[in-house]
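Work through these exercises with the model open beside you. Try each task before you read its solution.

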Amino acid sequence: MGHLHVIDAAAVRKLLTYDDAVPAMEDTMVRASRRELYEHPRVTVEPPGHGGMVLLMPAVGGPAEEPVLGLKMLSMFPRAVERELPSVQGLVILVDAIHGQPLALVDAGALTEIRTAAVTAVATRALARADARTLAVVGAGVQARGHLEALSRTRDWERVRIFSRTRSTAEELARWAKGFYPHVEVSDSTAEALADCDVLCTATSVSGDEPVFAASELPAGRGVHVNAIGAFGPGCRELPTETVASARLIVDNREAALREAGDILLPIAEGALTEDAIAAEIGEVLAGIRPGRTDDTQTTVFETLGLPVQDAVAAALVYRKAVEHGIGERISFP
């Protein structure tokens, strides 16, 4: 008789620290770029009648001697608000990839927040200028909070600026972020937030093709590094075409980016970009296969969609620690 671990969001946050997640994601991105890990393209299921969708994302990760299969399931239904539920809900089903035994059900919301921010921290360490000291964040939701915590470990920041369309949300986030940064301020506009910034994180919940800032607010030649996080789907973007077209473009996975990243696909459709404009995957940069930033005046963009293999590895890490510390509900199974 085996056991199935049920690991909720509170347990994920307790078990998956950035001290563990950042090196795990760095190793995962290198191995993913070497195609040492398996993942299946995202499957989208759209039940008729209620306007929602379910995303299924299978991948195999973990060490060769103990591989695991993670099947991430996310539901995105507009009517979730009727029950005061998050707009995105989900879980990761973790399975022993040798014997087929189901091991755990892991809350996907907290897991996604932490592993996404950890990947961005890895990319920022690799791509931002060594002297980067001013960080701008556009967006003030869950992902913005996670990124502020993770990025606090990447440079000796002197100033953070936060902009959100809802100022009260930005103010609340700024108060929280003061536990990680010496100086945090709320900006009244994207132009104010981006002025003289060295690193920009766009962590919004956009659903359209209108960029969240104007290209003139982030002129080329300043050596800014941009982490594009929030856009979902080929028709959505956060970044202006001019910013993407003039930057050195790094992605987490080429094939996925050319299927799903509106920040790249929309400029290609406009004729401002070609598919070969993608300079490298972040795993290739980390492994020294391709260069990242090539000079201090260059704009670099890291376009991240999130990969299923990141979820599999992060869920396996959470599961191992849950077993070790006796955390989570254990159910006899099968």
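The exercises below cover three helix pairs and one pocket in a predicted model.

**Exercise 1. Describe how helix 2 packs on helix 11, and list the residues that make the contact.**

Step 1. Find the two elements. Helix 2 spans residues 18-33, and helix 11 spans 308-325.

Step 2. Take the geometry. The two helices pack at an angle of about 140 degrees, and their axes are 10 Å apart.

Step 3. Classify the angle. Angles over 145 degrees count as roughly antiparallel, and 65 to 115 as roughly perpendicular. Helix 2 and helix 11 are therefore oblique to each other.

Step 4. Add the hand. The crossing of this pair is right-handed.

Step 5. List the residues. Helix 2 contributes D20, A24, M25, T28, M29 and A32. Helix 11 contributes V309, Q310, V313, A314, L317 and K321.

Step 6. Sort them by class. The contact of helix 2 with helix 11 has eight nonpolar, two polar and two charged residues.

**Exercise 2. Do the same for helix 3 and helix 4.**

Step 1. Locate them. Helix 3 covers residues 108-127, and helix 4 covers residues 142-151.

Step 2. Take the geometry. Their axes come within 8 Å and cross at roughly 45 degrees. That angle makes helix 3 oblique to helix 4.

Step 3. Add the hand. Helix 3 crosses helix 4 in a right-handed way.

Step 4. List the residues. On helix 3 they are T112, E113, T116, A117, A118, T120, A121 and T124. On helix 4 they are V142, Q143, G146, H147, A150 and L151.

Step 5. Sort them. This contact of helix 3 with helix 4 holds six nonpolar residues, seven polar and one charged.

**Exercise 3. Which residues of helix 2 and helix 3 meet?**

Step 1. Start with the axes. Those of helix 2 and helix 3 come within 8 Å and cross at roughly 65 degrees. The crossing is right-handed.

Step 2. Read off the partners. Y18, A21, V22, M25 and E26 lie on the helix 2 side. Helix 3 answers with E113, I114, R115, A117, A118, V119, A121, V122 and R125.

Step 3. Sort them. The contact of helix 2 with helix 3 has 10 nonpolar, no polar and four charged residues.

**Exercise 4. Describe the second largest pocket and its lining.**

Step 1. Give the volume. The second largest pocket measures about 250 Å³.

Step 2. Count the lining. It has 17 residues, and E39, N253, A256, R259 and L307 lie nearest the centre of the pocket.

Step 3. Assign elements. Helix 8 (254-260) and helix 11 (308-325) each give two or more residues to this lining. Helix 8 gives the most, with four.

Step 4. Sort by class. The lining of the second largest pocket divides into eight nonpolar, three polar and six charged residues.

Technical notes: Residues numbered from 1 in each chain as written. Predicted model: local features only at pLDDT ≥ 70, side-chain atom pairs only at ≥ 80, totals over all residues. Heavy atoms only, no water. 1 Å grid on protein atoms, 1.4 Å probe; cavity = no way out; pocket = protein on both sides within 12 Å on 5 of 7 lines; lining within 4 Å. Points joined across faces, edges and corners; volume = space filled by probe spheres on them. Nonpolar A, V, L, I, M, F, W, Y, C, P; charged D, E, K, R; others polar. Axes fitted to C-alpha atoms, helices over the stretch in contact; angles between N-to-C directions. Parallel < 35°, antiparallel > 145°, perpendicular 65-115°, else oblique. Left-handed = near helix turned anticlockwise from the far one by under 90°. Contact = heavy atoms within 4.5 Å.
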